[in-house]
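Q: Here is a protein chain to go through. Please explain what the terms used for it rest on.

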Amino acid sequence: MKRPRFFRDSIRARLIGLSALLIGAALVAGYLTIAAILDSFITDRFDAESEAVADALIAGATVDDAGRLVAGPAPTDPRFGIPLSGWFWQIQQDGRVAAKSASLFDIVMTPPEADFIGGAGTGPGGQPLRVLRHTFTLPDSNSVMAVVVSAPRAEIDESVSRLRRPLAVSLSVLGLALALASVLQVAAGLRSLDKLGRDLRAIRSGKADHLPLPPVSELRPVASEINGLLEQNRRVLSRTREHVGNLAHSLKTPLAALDNTLPADHPGHALVARMDRQIGWHLRRARSSGASRVLGQRTPVTPVAEDILMVLRGPIRDSGLQIDLDLPPALAFAGERQDLEEMMGNLIENAVKWANAQIHISGRPDGTDRLLVRIEDDGPGMSAEDHALAIARGGRLDESGPPGTGLGLAIVADLAALHGGQLRLQRSDLGGLAAILALPA
């Protein structure tokens, strides 16, 4: 039978389950062992009582002048006087019953011809008995004497049961206490793992850039290795960006030189411009892939928006645009500032190009780990059918519009997707285009 998924996937459940299994097995074994000891102790006590009665009967026995056995005083224990109580005694001479307890009435016991203590017997009505038989001799007599004493097995079992019940209750309470102690022990032992998980989530959300070393020595090597991986990730990203920048420079410089050597009316200018757009697309896409989610980064949204608007203040002033900025101060993107600048910069620049008089930039949290940034304008906008084309590579819906490569929206969509986010386009309440950027927070 397969174990439940909870026990397969949880260290805490495995430890608690294993502990409960071992504690339960130990308690069951302890109960059986102690119960056996108690059973032996109580049975020995009853055997000792029977032996004491037998010794008293042997000590009081005599023979008369005719050689017949004469019993001494009867035991004072009243149980031997209760009819058919199971507490019986009798004395035999050469196999004949010479004396017996009042509890036997006219019944005689016929045990085997041997000495034994604690033998099994059956009394009147089939009641189980525990039987003792001793042979003995008396001075001035050659007869073989025997004394038989019995105790009811039911009374022995009842005495054992009365002790087993509190034993079971005590061990059950002990088991619950040990189970609680096991839960507390596992919780205390895994507390450092829980903290390590919280520290990792803080890095992923951009609230920290490295793991603090745990207080327990067993987890310090793990934390050190994770910090090493984070640092290696940053170095690889830095080298990737450096190589991308070098490649951009090595390609764009010859293209610019080639473009400058051509006559003003040469058709090659259009081909050079097209090559420049394609190179720009592929290099910026490579940079976006290389920048995919650097752990430990967190960037406030409001300063980025304000810096972009500062850079675009000339075109905004020339166009007489009104900019409404509605961003909560605590709104932050779980990623690098350069990526957020790339995405918001393209969207805001696109809005500035197409807006007639007004641009509205707003943002809000979307759940606990997401944020939404909305950039809308009152420009001509586009139809719903054109939204997919607008974020396709090099897609331009109006070649007569403001100049540009046609790559901005596509790069924003790629960058957002690489961060686990999304770019959506829809009609703005202002009448133009609304670009909605969903990103990790």
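Q: Why is serine 362 called buried or exposed here?
A: Buried means under 20% relative accessible area, exposed over 50%, and partly exposed in between, with a 1.4 Å probe and protein chains only. Serine 362 has 14% relative accessibility, so serine 362 counts as buried. This is a predicted model, in which local features need pLDDT of at least 70, side-chain atom pairs count only at pLDDT 80 or more, and totals for chains, interfaces and linings use all residues. Residues are numbered from 1 along each chain as its sequence is written, and side-chain values use heavy atoms, with hydrogens and water left out.

Q: Where is serine 362 found, and which residues is serine 362 in contact with?
A: Serine 362 is in strand E11, residues 358-365; strands (E, at least two residues) and helices (H or I, at least four) are DSSP runs, numbered from the N terminus. Contact means heavy atoms within 4.5 Å. Leaving aside neighbours within four places in sequence, the contacts of serine 362 are Asp326, Leu327, Leu372, Val373 and Arg374.

Q: Why does serine 182 count as buried or exposed, and what does serine 182 touch?
A: The relative accessibility of serine 182 is 6%, so serine 182 counts as buried. Serine 182 lies in helix H3 (residues 153-204) and touches Ser19 and Ile23, not counting residues up to four places away in sequence.

Q: What makes glycine 24 count as it does for accessibility?
A: Glycine 24, in helix H2 (residues 11-60), has 29% relative accessibility and therefore counts as partly exposed. The C-alpha atoms of glycine 24 and alanine 179 are separated by 9.2 Å, although the two are 155 residues apart along the chain.

Q: Which class does leucine 193 fall into, buried, exposed or partly exposed?
A: With a relative accessible area of 36%, leucine 193 is partly exposed. Leucine 193 is also found in helix H3. From leucine 193 to valine 216 the C-alpha distance is 9.8 Å, and they are 23 residues apart in sequence.

Q: What makes a set of residues a nonpolar core, and which members of the largest one touch the most others?
A: A nonpolar core is a set of buried Ala, Val, Leu, Ile, Met, Phe, Trp, Tyr and Cys residues joined through side-chain atoms within 4.5 Å. The largest nonpolar core has 38 residues, and Val301, Met344, Ile348, Leu423 and Leu437 touch the most other members. Elements giving two or more residues to this core include helix H6 (301-311), helix H8 (337-354) and E11. H8 gives the most, seven residues. Apart from this core lies another, of 21 residues, among them Leu69, Ala99, Leu132 and Val160.

Q: What makes a space a pocket, and what is the volume of the second largest pocket?
A: On a 1 Å grid over the protein atoms alone, a pocket is an open set of points where a 1.4 Å probe fits, with protein on both sides within 12 Å along at least five of seven lines; lining residues have an atom within 4 Å of a point. The second largest pocket has a volume of about 220 Å³, the volume being the space filled by probe spheres set on the points, which are joined across faces, edges and corners. Its lining is made of 18 residues, and Met109, Thr110, Pro111, Gly121 and Thr122 lie nearest the centre. Strand E5 (116-122) supplies the largest share of the lining, five residues.
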